[in-house]
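Reader: I am new to this structure and would be grateful for a close look at a single part of it, taken slowly and with the terms explained along the way. Please begin with the pairing of strands and then go on from there.

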2 protein chains.
Amino acid sequence: MSRHVLALCGGVGGAKLAAGLARAIAPGDLSIVVNTGDDFVHLGLHVSPDIDTVAYTLAGLSDRERGWGIAGETWAFMASLRRLGGEDWFQLGDQDLAMHVERTRRLSEGQALSTVTAALTRALGIDHAIIPMSDDPVATIVQTDDGELSFQHYFVRDQCRPVANGIRFEGAAAAKPSPGFEAALARDDLATVILCPSNPYLSIDPILAIPGVRGALEDLDAPIVAISPIIGGRAVKGPTAKLMVEMGLEPGVTAIAEHYRGLLDGLVVDPEDSEAAEALHVATLAIPNLLNSDEDRLRVAQASLAFAEALAQKRRAER
Amino acid sequence: MSRHVLALCGGVGGAKLAAGLARAIAPGDLSIVVNTGDDFVHLGLHVSPDIDTVAYTLAGLSDRERGWGIAGETWAFMASLRRLGGEDWFQLGDQDLAMHVERTRRLSEGQALSTVTAALTRALGIDHAIIPMSDDPVATIVQTDDGELSFQHYFVRDQCRPVANGIRFEGAAAAKPSPGFEAALARDDLATVILCPSNPYLSIDPILAIPGVRGALEDLDAPIVAISPIIGGRAVKGPTAKLMVEMGLEPGVTAIAEHYRGLLDGLVVDPEDSEAAEALHVATLAIPNLLNSDEDRLRVAQASLAFAEALAQKRRAER
């Protein structure tokens, strides 16, 4: 019986649903593929923000109030770095720093990012597979009215203030899916693909930009279900809505469904968007989809999986 | 008038006297040249233990009870690294880590260690010049009955347990004195050279092993005065005495004076060693030379400088 679930995700919103999926699904039955387009080298350290957000969230370490990083984090390193005149626009907590130092050390030994990620997430007590989208470097570049900005400069240093007019994924054309991602796409027992409620343009598109990925997803028998990162025209978190406006799109579930056209079988929306959802070209499920509590995460994960299973049954019945 | 002072020093003991010298001497009149034979790359970071010890001591940041590192240091990074299965035998405090990260970043940009050290120590509020002995890599290797060990493996990881039978300085033959060191040696107004109470074999010898340094010191008009790191046959701190025994030397001021033969004009000893000092081939000054309080450090620094000045006057009178 098909039961493997492949989840594609990016940062905070995606990590919350991934945590729900991890509660709903046994470790061997879930592959969580994470965007690495936000990765960058900072102070000589290889930082993988989305991988770490997913890892900290699944390990139960993430700070729910601040919305990123580790709960109970301390900042002695940053204070000391500031005193030394170092670059301090990107906050690196004392605990968090160990991930970057150990990741960088292992990468410099020649280990692949997948291998390093598997080792570090296991060390955090995570049994589910957290898989970088690629072991090759891909860098999300935001094209703005102020010129091109690397993702972290746009997102963190400049707080998304520059007006975006495009996005490109440097290195994507030459990147291969990581072995774990490729294996998940090729599984006989792949039942469902979940596109987590991450920014479609900044977090999911880099994954889809890797040659072969979009085609492989389109060819799957398994249904592809996205959870909308937009509720009532507003992004739950981050710059999704602002970015959509700047790119000439109306923030809403219609634009999200349109963006994933050709890929998507179902879209999970908030009841606030039920009316807009009626006109979509894909099946929709309307459920409250804020993901703050563990219960909400599990509930939305289970509902999304059931929705996908219903779509799969319908597809089988139609054959 | 000659008044510039050149101090050669290593770790904790040397740093204490350097702090006393810095209280006694105006910034422009003191060059503190520091051993870099203990430097090593750990977790991908360039760690300069002796430079940092001198810097933290002069900045008033050092932890006097623990004897190394920064007072009020926190260890969240280490705990997190340990959880990730990283190498944890070398303690890197959260504040301390910023020095290594920022140093490594600047070195990787192509800055010389001297330049980086000047910038970082200035940022810590230090007005006196802390000068690495060389911008070229030199690595102190301890030859032991268990084989060769890099200094930090011998000193920290193995806690000086292996029995030493020799010491060599890898890279020293190809190293040049740093520009600041070379300039200090060539000053017209050089009045005194102080060999701080550091381990002669592990902390001062690497400096003397750089081609040209020993010859330049021997040719100086300025008197060279050492402060004994041995009091009553015991090392004030660290493995000096144990190392001397293993190398067939009797720990004491006699062996120290002998070790510096040809270089030394005067040796500052503790009153406990007055009797042994009488038989030495160099002039001696007996004063209590523990360096724990700021007052002791200033007192020993001033006494050593006065002793050197007296030796210089005597030398001038004898001409």
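Author: Two strands are said to pair if DSSP finds at least two bridges between them, and a strand here is a DSSP run of E of at least two residues, numbered from the N terminus. With that in hand, and keeping in mind that this is a predicted model, we can turn to strand β1 of chain A, residues 4-9, which is joined to strand β9 of chain A, residues 190-195, by five bridges, the two strands running parallel. Within this pair, Leu6(A) has Val193(A) of β9(A) as its bridge partner.

The pair belongs to a wider arrangement, an open sheet of seven strands in chain A whose order is β5-β2-β1-β9-β10-β13-β14, with parallel pairing. The edges of this sheet are taken by β5 (129-132) and β14 (283-286) of chain A, and because each of them has a single partner strand, one side of each is left without a neighbour in the sheet. Direction ignored, neighbouring strands of the sheet are turned against each other by 20 degrees on average. As a general matter, the strands of a sheet pair through backbone hydrogen bonds, in either the parallel or the antiparallel sense.

In chain B, strand β1 (residues 4-9) and strand β9 (residues 190-195) likewise run parallel and are joined by five bridges, and there Leu6(B) has Val193(B) of β9(B) as its bridge partner. On from β9(B), the next pairing to follow is with strand β10 of chain B, residues 224-227, in the parallel sense and over three bridges; here Leu195(B) stands opposite Ala226(B) of β10(B).

How the two chains are placed relative to each other can be stated precisely, for chain B is superposed on chain A by a rotation of 180 degrees with 0.0 Å of shift along its axis, at an RMSD of 0.0 Å. The two copies are therefore related as by a two-fold rotation axis. Among the residues of chain B, Asp94(B) comes closest to that axis, its C-alpha lying at 3.0 Å.

Where the chains meet, 23 residues of chain B are in contact with 23 residues of chain A. On the side of chain B that touches chain A, the elements giving two or more residues are α3 (76-83), α4 (94-108) and α5 (113-123) of chain B, and of these α4(B) gives the most, with ten residues. That side of chain B divides into eleven nonpolar, eight polar and four charged residues. Since 100% of the interface residues of chain B are also interface residues in chain A, the copies meet through the same surface.

Two of these helices also touch within their own chain, since the axes of α4(B) and α5(B) come within 10 Å and cross at roughly 140 degrees, and they are therefore oblique to each other. The crossing in which α4(B) passes α5(B) is right-handed. On the side of α4(B) the contact is made by Met99(B), Glu102(B), Arg103(B), Arg106(B) and Leu107(B), and on the side of α5(B) by Leu113(B), Val116(B) and Leu120(B). Sorted by kind, the residues of this contact are five nonpolar, no polar and three charged.

Definitions and conventions:
Residues are numbered from 1 along each chain as its sequence is written. Chains are lettered from A and ligands numbered from 1 in the order in which they are written. This is a predicted model: local features need pLDDT of at least 70, side-chain atom pairs count only at pLDDT 80 or more; totals for chains, interfaces and linings use all residues. Copies are superposed by least squares on the C-alpha atoms of residues with pLDDT of at least 70 in both. Two residues are in contact if their C-beta atoms, placed from the backbone, lie within 7 Å. Helices (H or I, at least four residues) and strands (E, at least two) are DSSP runs, numbered from the N terminus. Ala, Val, Leu, Ile, Met, Phe, Trp, Tyr, Cys and Pro count as nonpolar, Asp, Glu, Lys and Arg as charged, and the others, Gly among them, as polar. Axes are lines fitted to C-alpha atoms, for helices over the stretch in contact, and angles run from 0 to 180 degrees between N-to-C directions. Angles under 35 degrees count as roughly parallel, over 145 as roughly antiparallel, 65 to 115 as roughly perpendicular and the rest as oblique. A crossing is left-handed if the near helix is turned anticlockwise from the far one by less than a right angle, and right-handed if clockwise.
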